[in-house]
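Please read these comments beside the sequence and the coordinates. They are arranged as numbered points.

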Amino acid sequence: MRHEMWEQLRLSQTPACRGARHLESAHFYTMGGGFNPRRLRIEAGAGLCTCACHKSCPVTDETRLTIPFRDWRDRCTCAGADAERQRLDDAGIDFPDLSEQIEERRRRSRARRDALQTVRAASAGKSRGEIRQMYIDEMRSRGLNLPGEDVIDAHLDFIAGNPVPAMRLAGQSLTQVARALAEIARVFRPNSG
Ligand SMILES: [Zn+2]
Ligand SMILES: [Zn+2]
Ligand SMILES: [Zn+2]
């Protein structure tokens, strides 16, 4: 029984890796945990994808079911990790951490929202290229990392009043764009946190 559970957890992979889109995979699978029969203790934290594509990542540890969320966030070098960190930041999702880090994330989440609103407010009559530059400047001036290109495009489409850019990217990284759209809906919702 325990062995089966271990096998099941051991084999968990991100949807990206299961779909052989390894370059989109964030390594981070889910928050969770369970009894680790190899270490004889309960572990809870960031569940990591077990796909071989993460072998060279410094947080990969085959003896553990999960690692502290912070370890994943700070040290994972996998291709999709930045997008996932951004997504969690944007959604204001965090897991028990040092409170000052939580505060820093909140600050960045607010700054991102401010940047998007500033750009949208100033976008009338501007070309897409100009809006894009404004967006980049606003993000940078607030010390924010730029999201991936397709997320930027989704943001720009939204700013331009066309919130349905996903078709264009069908088959590429639809999920990421869908996430960006969900996020932006939240960003512009009145009184959003
Ligand atoms: Zn993989
Ligand atoms: Zn993976
Ligand atoms: Zn990794």
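The points below go from the overall fold to single residues and then to one helix pair.

1. Status of the model. The structure is a predicted model. The comments that follow should be read with that in mind.

2. Overall make-up. The protein contains 8 helices and 3 strands. In sequence order the pattern is α-α-β-β-β-α-α-α-α-α-α, so two helices precede the strands and the other helices follow them.

3. Burial and contacts. The protein has 193 residues, and 26% of them count as buried. If one takes the contacts between residues at least 6 apart in sequence, 53% join residues at least 24 apart.

4. The loop between helix 2 and strand 1. Helix 2 covers 15-18 and strand 1 covers 28-36, and A20 lies in the loop between them. H27 is placed in that loop too. Both residues deserve a look at the backbone. Most residues other than glycine have a negative phi. A20, not a glycine, has a positive phi of about 60°; H27, also not a glycine, has a positive phi of about 75°.

5. Surroundings of A20 and H27. Is A20 buried or exposed? A20 is exposed, because just 10 other C-beta atoms lie within 10 Å, and a residue with 12 or fewer is classed that way. H27 has 26 C-beta neighbours inside 10 Å and therefore counts as buried, the cut-off being 20 or more.

6. D74. This residue sits in helix 3, which spans residues 69-75. D74 has 12 other C-beta atoms within 10 Å and so is exposed; that count is still inside the limit of 12 or fewer. V59 is 15 residues away from D74 in sequence, and the C-alpha to C-alpha distance between the two is 9.4 Å.

7. Geometry of helix 6 and helix 7. Helix 6 takes in residues 128-141 and helix 7 residues 149-159. They pack at an angle of about 115°, and their axes are 10 Å apart. The crossing of the two helices is right-handed.

8. Residues at that contact. Which residues of helix 6 meet helix 7? They are R128, I131, R132 and Y135, and on the helix 7 side the partners are I152, H155, L156 and I159. By class, the residues of this contact comprise 5 nonpolar, 1 polar and 2 charged. The charged ones are R128 and R132, both from helix 6, while H155 of helix 7 is the polar one.

Conventions
Residues are numbered from 1 along each chain as its sequence is written. Chains are lettered from A and ligands numbered from 1 in the order in which they are written. This is a predicted model: local features need pLDDT of at least 70, side-chain atom pairs count only at pLDDT 80 or more; totals for chains, interfaces and linings use all residues. Helices (H or I, at least four residues) and strands (E, at least two) are DSSP runs, numbered from the N terminus. Two residues are in contact if their C-beta atoms, placed from the backbone, lie within 7 Å. Axes are lines fitted to C-alpha atoms, for helices over the stretch in contact, and angles run from 0 to 180 degrees between N-to-C directions. A crossing is left-handed if the near helix is turned anticlockwise from the far one by less than a right angle, and right-handed if clockwise.
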